[in-house]
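Thanks for coming, everyone. I have one protein to walk through today, and I'll keep it brisk. Please look at the screen.

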Amino acid sequence: MNPDFTSSSFQGVVIGSILQSITPRLSLGIETAWQRQPMAGLGPPGTVLPSETSTSFLAKLTGINRNWVAAATIVPTNGALNATFWKRLGEKVEAGVSLDLKAATTASMPQGGGLMGQPMMSRVREGTATVGVKYEFRAHMYRAQIDSGGRVSLFLDKRLSPQIGISFCGDIDHFKVRMALFKVD
């Protein structure tokens, strides 16, 4: 993606991934991304930043009748874990859950260079759980989800004719709305 072969050192993004079926129900995979970009306005022309690499590992397990799927992705470089589970509950009803966790240490330079030019280290620990459901009618479909951060979403996709469809979406973040309404100065 956006490779630059004309500079003295290669710049751009290279991504490689593979997902291999181990058994008819189990698949394992790996994805690696490598990038290097030029330093815009910093240093002499042609100066590049050090390269960055990120690798993620993934697994997918499918039910015997293909009526459920469980998947997980781990990114060790930034301490991220994503786990999902989807199940067909009936002929027209599906449900799913997702869990996103991140636990990592990040380094940032404070304005003014910080304490003797040293980066500040901070721990990041955050997580979000999401539950969603989908119901299909003959000519339209409802999808709804709620997450642990208080965000509620609802989608309606309606088929007016075979060629024309219309979608409505509603989304509200209850915790942000509540904080804005009851903010004490």
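**A walk along the strands**

Let's start at Thr-130. Thr-130 is buried, because its relative accessible area is 17% and the cut-off for buried is under 20%. One caution before I go on: this is a predicted model. Everything I quote is computed from it.

So where does Thr-130 sit? It lies in strand 7. What does Thr-130 touch, leaving aside neighbours within four places in sequence? Two stretches of chain come up. One is Gly-96, Val-97 and Ser-98. The other is Gln-145, Ile-146 and Asp-147.

Let me step back to the whole protein. How many helices and strands does the secondary structure come to? One helix and 10 strands. Read along the sequence, the pattern is β-β-β-β-β-β-β-β-β-β-α. In other words, the strands come one after another, and the helix follows at the end.

Now the surface. The protein has 185 residues, and 10% of them count as buried. Thr-130 belongs to that buried group. The exposed area is about 13,800 Å². Carbon and sulfur atoms supply 62% of that area. And the contacts? Take those between residues at least 6 apart in sequence: 24% of them join residues at least 24 apart.

Back to strand 7, and on to its partner. Strand 7 and strand 8 run antiparallel, joined by seven bridges. Here is one pair you can find on the screen: Val-131 has Ile-146 in strand 8 as its bridge partner. The connection is a hairpin, with three residues taking the chain from strand 7 to strand 8.

Keep going. What does strand 8 pair with next, over seven bridges? Strand 9, residues 151-159, again in the antiparallel sense. Gln-145 is bridged to Ser-153 in strand 9. You met Gln-145 a moment ago, as a contact of Thr-130. Strands 8 and 9 also form a hairpin, with three residues between them. In that turn, Gly-150 has a positive phi of about 90°.

Stay in that loop for Gly-149. Is Gly-149 buried or partly exposed? Partly exposed, because its relative accessible area is 33%. Leaving aside neighbours within four places in sequence, Gly-149 is in contact with Asp-173 and Phe-175. How far is Gly-149 from Thr-130 in space, C-alpha to C-alpha? 8.8 Å, with 19 residues of separation in sequence.

One strand further on is Gly-170. Gly-170 is found in strand 10, residues 165-173. It counts as partly exposed because its relative accessibility is 33%. Not counting residues up to four places away, Gly-170 touches Val-152, Ser-153 and Leu-154. Gly-170 and Ser-153 are 17 residues apart along the chain, yet their C-alpha atoms are separated by 5.6 Å. Ser-153 is also the bridge partner of Gln-145.

**The largest pocket**

Now the pocket. The largest pocket holds about 190 Å³ of space. Which elements give two or more residues to its lining? Strand 5 (80-88), strand 6 (93-108), strand 7 (120-136) and strand 8 (140-147). In total, 16 residues line the pocket. Nearest its centre are Ala-95, Gly-96, Gly-132, Val-133 and Gln-145. Gly-96 and Gln-145 should sound familiar: Thr-130 is in contact with both. As for chemistry, the lining divides into eight nonpolar residues, five polar and three charged.

**Two stops nearer the start of the chain**

First, Ser-27. Ser-27 is found in strand 2, residues 26-36. Its relative accessibility is 10%, so Ser-27 counts as buried. Beyond its neighbours within four places in sequence, Ser-27 is in contact with Leu-19, Gln-20, Ser-21 and Ile-22 on one stretch. On another, it meets Leu-58, Ala-59 and Lys-60.

Second, Arg-66. Where is Arg-66 placed? In the loop between strand 3 (52-62) and strand 4 (68-75). Arg-66 counts as exposed, because its relative accessibility is 53% and the cut-off for exposed is over 50%. Now the backbone. Most residues other than glycine have a negative phi. Arg-66 has a positive one, near 60°.

That's the tour. Questions, please.

Key:
Residues are numbered from 1 along each chain as its sequence is written. This is a predicted model: local features need pLDDT of at least 70, side-chain atom pairs count only at pLDDT 80 or more; totals for chains, interfaces and linings use all residues. Side-chain values use heavy atoms; hydrogens and water are left out. Helices (H or I, at least four residues) and strands (E, at least two) are DSSP runs, numbered from the N terminus. Buried means under 20% relative accessible area, exposed over 50%, partly exposed in between (1.4 Å probe, protein chains only). Contact means heavy atoms within 4.5 Å. Accessible areas come from the Shrake-Rupley method with a 1.4 Å probe; for residues, only the protein chains shown count as cover. On a 1 Å grid over the protein atoms alone, a cavity is a set of points where a 1.4 Å probe fits but cannot get out, and a pocket is an open set with protein on both sides within 12 Å along at least five of seven lines; lining residues have an atom within 4 Å of a point. Grid points are joined across faces, edges and corners, and a volume is the space filled by probe spheres set on the points. Ala, Val, Leu, Ile, Met, Phe, Trp, Tyr, Cys and Pro count as nonpolar, Asp, Glu, Lys and Arg as charged, and the others, Gly among them, as polar. Two strands pair if DSSP finds at least two bridges between them.
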